[in-house]
Amino acid sequence: MKVAFYTLGCKVNQNETGALAQLFYENGFEPAQEDETADVYIVNSCTVTSGGDKKSRQWLRRAKRLNPDAVMVLMGCFPQAFPEQAAAVEEADIITGSKARRSVLNHVLQFMQDGQRIVDIVPHTKGELFEELPMERLEGHTRAFMKIEDGCNRRCAYCVIPRARGNVRSRSEESILNELHALARSGYSEVVFSGINLSSYGLDTGTDLGEIVAKAAQVPGIRRIRLGSLEPDLMTDDMIERMARVPEVCPQFHLSLQSGCDATLRRMRRVYDTAQYTEVVRKLRAAFPNASFTTDIIVGFPGETQEDLQASVRYVQEIGFLKVHVFGYSRRFGTPAYDMPDQVDEAEKTRRVHILQTAADDVRAEVIAAMEGRPVEVLLERPVNASTFTGYTKEYVPVLICAPGHRQGDIVPAVLGAYDGMRCTASLSE
């Protein structure tokens with residue numbers, strides 16, 4: 001039996017899909033190759049934007065055309081946040097949410113027996129525990145992604161994710177360390193910690209992110225620990241100081257911003273302003289001298305003016321972000337922002353995305369160009385030929401490097417060269 005997965009959205013979704021794929025393979029299923037039809041199609045949905053919901057439906061329709069007799073599964077955040085709309089997707093034989101993900105396998109097996117449609121969306125409840133989905137290997141990746149936290153306690157005006165994911169749940173220390181040992185045995189030297197609100201790790205268990213990072217670094221074979229998206233106000237002085245004592249921590253910080261305009265941040269119900277954000281950046285740069293910063297920014301939020309947009313442009317230039325993902329505000333039913341006045345039309349959002357993304361890309365070029373000649377360590381990720389690889393530095397600078405005698409997954413010392421608009425050239429150092 002062949003199974004095909006389609007994943008939308010964040011690294012957490014990708015991690016969960018990888019774990020589910022491993023579960024299916026362990027139970028007799030085989031991965032469908034690109035040119036093969038599958039017996040089971042599973043879409044792990046994202047509902048951050050309405051476009052994500054649309055893509056989930058479109059993918060299921062295409063899969064249904066490829067094999068009308070296949071089992072179609074719609075799972076994840078879209079059904080959890082909008083169960084009635086998800087249940088109306090006629091192509092889906094099985095519909096589940098973002099809880100009890102391991103049950104998907106049993107649902108598929110049950111449907112193969114009786115052909116009865118299954119809608120099983122379990123609501124989130126107060127006090128629920130982190131759902132374990134261990135994974136020892138993610139095929140095709142040279143870095144391992146590990147989900148260590150789920151849920152979010154915040155209620156930002158634009159965000160539907162708390163409906164889809166529930167409140168903060170932290171993975172146990174024992175479970176994290178056990179999986180890290182398994183990943184190291186599988187040959188991974190870099191691990192990426194991910195979560196819906198990663199900075200909140202430990203709020204429900206009496207620990208914090210800094211503590212688990214320090215313990216993770218003690219696992220033999222783990223040479224790099226990279227962190228997913230972080231909330232700036234939760235990056236305490238103590239957490240920063242403890243992580244700075246761990247040389248395995250990659251000095252690349254994806255600090256959630258959402259807007260470089262204070263008025264917009266207030267309307268978004270974010271809990272910091274740009275001055276506080278700048279101070280966290282300053283502290284991280286003091287603790288990690290070669291720190292780089294990436295972020296996400298929403299444009300076209302209700303009430304955003306041209307002056308507000310230009311404030312975001314100036315702030316991106318002020319911070320000097322290595323990379324910015326800019327996207328237009330997506331109006332989500334059930335969020336406070338849905339009913340806010342002064343909604344921005346779609347054409348204007350597209351124009352604003354272009355303006356800010358162009359400015360951010362110019363800043364990226366300047367930041368990377370300033371690194372030329374810097375000694376770095378490169379994780380060799382994708383072979384171009386027998387001796388040349390693409391890869392990333394600890395700071396998350398993309399590189400192209402000739403490394404004869406080395407193989408995919410190695411970490412090599414190098415010196416950064418020129419930036420060509422896509423990546424830096426790099427040469428092996430002595």
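These points cover the salt bridges and helix α5 of a predicted model.

1. Overall count. The model holds 32 salt bridges. Three pairs and one network are taken up below, followed by a helix.

2. Glu-91 and Arg-61. A salt bridge joins these two side chains, with N to O at 3.4 Å. The partners come from distant parts of the chain, 30 residues apart: Arg-61 belongs to helix α2 (residues 50-66), while Glu-91 sits in the loop between α4 (83-87) and β5 (94-96). Arg-61 has a relative accessible area of 37% and is therefore partly exposed, since the buried class ends at 20% and the exposed class starts over 50%.

3. Arg-270 and Glu-231. In this salt bridge the closest N and O atoms are 2.9 Å apart. Both residues are in loops: Arg-270 in the one between α10 (262-268) and α11 (274-287), Glu-231 in the one between β10 (224-227) and α9 (237-244). The pair therefore ties together parts that are 39 residues apart in sequence. Arg-270 is buried, with a relative accessible area of 11%, and Glu-231 is buried with a value of 11%. Each falls in that class because the value is under 20%.

4. Lys-283 and Asp-237. Here the side chains meet in a salt bridge of 2.8 Å, N to O. Lys-283 is part of helix α11 and Asp-237 part of helix α9, so the contact ties together parts that are 46 residues apart in sequence. Lys-283 is partly exposed at 28% relative accessibility, and Asp-237 is partly exposed at 40%.

5. A network. Salt bridges also link a set of residues into a network. Its acidic members are Glu-16, Glu-128 and Asp-150. The basic members are Lys-99, Arg-101, Lys-147, Arg-165 and Arg-169.

6. Length of helix α5. This helix covers residues 103-114, which is 12 residues. The expected span takes 1.5 Å times one less than the number of residues, so it should come to 16 Å. The end C-alpha atoms are 17 Å apart, which agrees. Just after α5, Gly-115 takes a positive phi of about 70°.

7. Buried side of helix α5. Which residues of α5 are buried? They are Ser-103, Val-104, Leu-105, His-107, Val-108 and Phe-111. An α-helix has 3.6 residues a turn, so residues three or four places apart point the same way. Val-104, His-107, Val-108 and Phe-111 are among the buried residues listed. The cover over the buried residues includes helix α1 (11-26) and the strands β3 (40-45), β4 (71-76), β5 and β6 (118-120).

Technical notes: Residues numbered from 1 in each chain as written. Predicted model: local features only at pLDDT ≥ 70, side-chain atom pairs only at ≥ 80, totals over all residues. Heavy atoms only, no water. Salt bridge = Lys/Arg side-chain N within 4 Å of Asp/Glu carboxyl O. Helix = DSSP H or I, 4+ residues; strand = E, 2+ residues; numbered from the N terminus. Buried < 20%, exposed > 50% of the residue type's maximum accessible area, 1.4 Å probe, protein only. Contact = heavy atoms within 4.5 Å.
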